[in-house]
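This briefing is meant for a reader who is meeting the structure for the first time. Please look over the sequence and the model below, and then follow the points by topic.

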Amino acid sequence: MKFEALKQRLNRNRPMTSVTIRMPEDVVEDLKKVAPILGFSGYQPLIRAYVGQCLRVDLERVENETVTALVASLKRRGVSDETIAAALNEVVHSTH
């Protein structure tokens, strides 16, 4: 995740919206049990943490798959490995 995006994710004052989901009662009871043990003030912050963690993993996976597909496409079009490596290195080490 890019630094600026991560910085925005850590901002507690970013806009929020309400989401309603149906969950089995036993799952909610388990969340209520586990939340204080893990240091959460309630089950809703725990759910937000679970969603946030999994979402970051999936976003990283999707981004990596996109980069992999792009590299493969460039190779099929005759772009050299050296050029691709230099471009990836430039992006990874840029300050943006």
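Ile21 is found in the loop that runs between helix H1 (3-9) and helix H2 (25-37), and with a relative accessible area of 54% Ile21 is exposed, because the cut-off for that class is over 50%. The model is a predicted one, and the points below begin with the surface around this loop residue before they turn to the overall fold, the largest pocket, the salt bridges and one pair of residues in helix H3.

**Surface patch**

- Ile21 belongs to a nonpolar patch on the surface, which Ile21 forms with Val19, Met23 and Val27.
- Taken together, the four residues Val19, Ile21, Met23 and Val27 have about 340 Å² of accessible area.

**Overall fold**

- The chain contains four helices and zero strands, so that, when read along the sequence, the pattern is written α-α-α-α, each helix being a run assigned by DSSP.
- Of the 96 residues in the chain, 8% are buried, a class that is reserved for residues with under 20% relative accessible area.

**Largest pocket**

- The largest pocket holds about 1100 Å³ of space, and among the 24 residues that line the largest pocket, those closest to its centre are Arg14, Met16, Gln44, Arg48 and Ala49.
- Helix H1 and helix H3 (43-76) each supply at least two residues of the lining of the largest pocket, and the largest share of that lining, 10 residues, comes from H3.
- When the residues in the lining of the largest pocket are sorted by class, 12 are nonpolar, seven are polar and five are charged.

**Salt bridges**

- A search of the whole structure finds five salt bridges, and several of them are described in the points that follow.
- In helix H2, the side chains of Glu29 and Lys32 meet in a salt bridge with a distance of 3.7 Å, N to O, and these two residues lie three residues apart, which is about one turn of the helix.
- Glu29 is partly exposed, with a relative accessible area of 45%, and Lys32 is also partly exposed, with a relative accessible area of 39%; both values fall in the partly exposed class because that class covers what lies between under 20% and over 50%.
- In helix H3, the side chains of Arg61 and Glu65 meet in a salt bridge at 3.2 Å, N to O, and because Arg61 and Glu65 are four residues apart in this helix, they are separated by about one helical turn.
- Arg61 has a relative accessible area of 43% and is partly exposed, while Glu65, at 44% relative accessibility, likewise counts as partly exposed.
- Another salt bridge joins Asp81 with Lys75, where the closest N and O atoms are 3.6 Å apart; Asp81 counts as partly exposed at 47% relative accessibility, and Lys75 is partly exposed with a relative accessible area of 45%.
- Beyond such single pairs, salt bridges that share partners join Asp58, Arg61 and Glu65 into one network.

**A pair of residues linking distant parts of the sequence**

- Val67 is found in helix H3 and, at 37% relative accessibility, counts as partly exposed.
- Although Val67 and Leu88 are 21 residues apart in sequence, the C-alpha to C-alpha distance between Val67 and Leu88 is 9.3 Å in space.

Terms used: Residues numbered from 1 in each chain as written. Predicted model: local features only at pLDDT ≥ 70, side-chain atom pairs only at ≥ 80, totals over all residues. Heavy atoms only, no water. Patch = residues over 30% accessible without salt bridge, like charges linked within 9 Å, V, L, I, M, F, W, Y side chains within 5 Å. Areas by Shrake-Rupley, 256 points an atom, 1.4 Å probe, with all protein chains shown as cover. Buried < 20%, exposed > 50% of the residue type's maximum accessible area, 1.4 Å probe, protein only. 1 Å grid on protein atoms, 1.4 Å probe; cavity = no way out; pocket = protein on both sides within 12 Å on 5 of 7 lines; lining within 4 Å. Points joined across faces, edges and corners; volume = space filled by probe spheres on them. Nonpolar A, V, L, I, M, F, W, Y, C, P; charged D, E, K, R; others polar.
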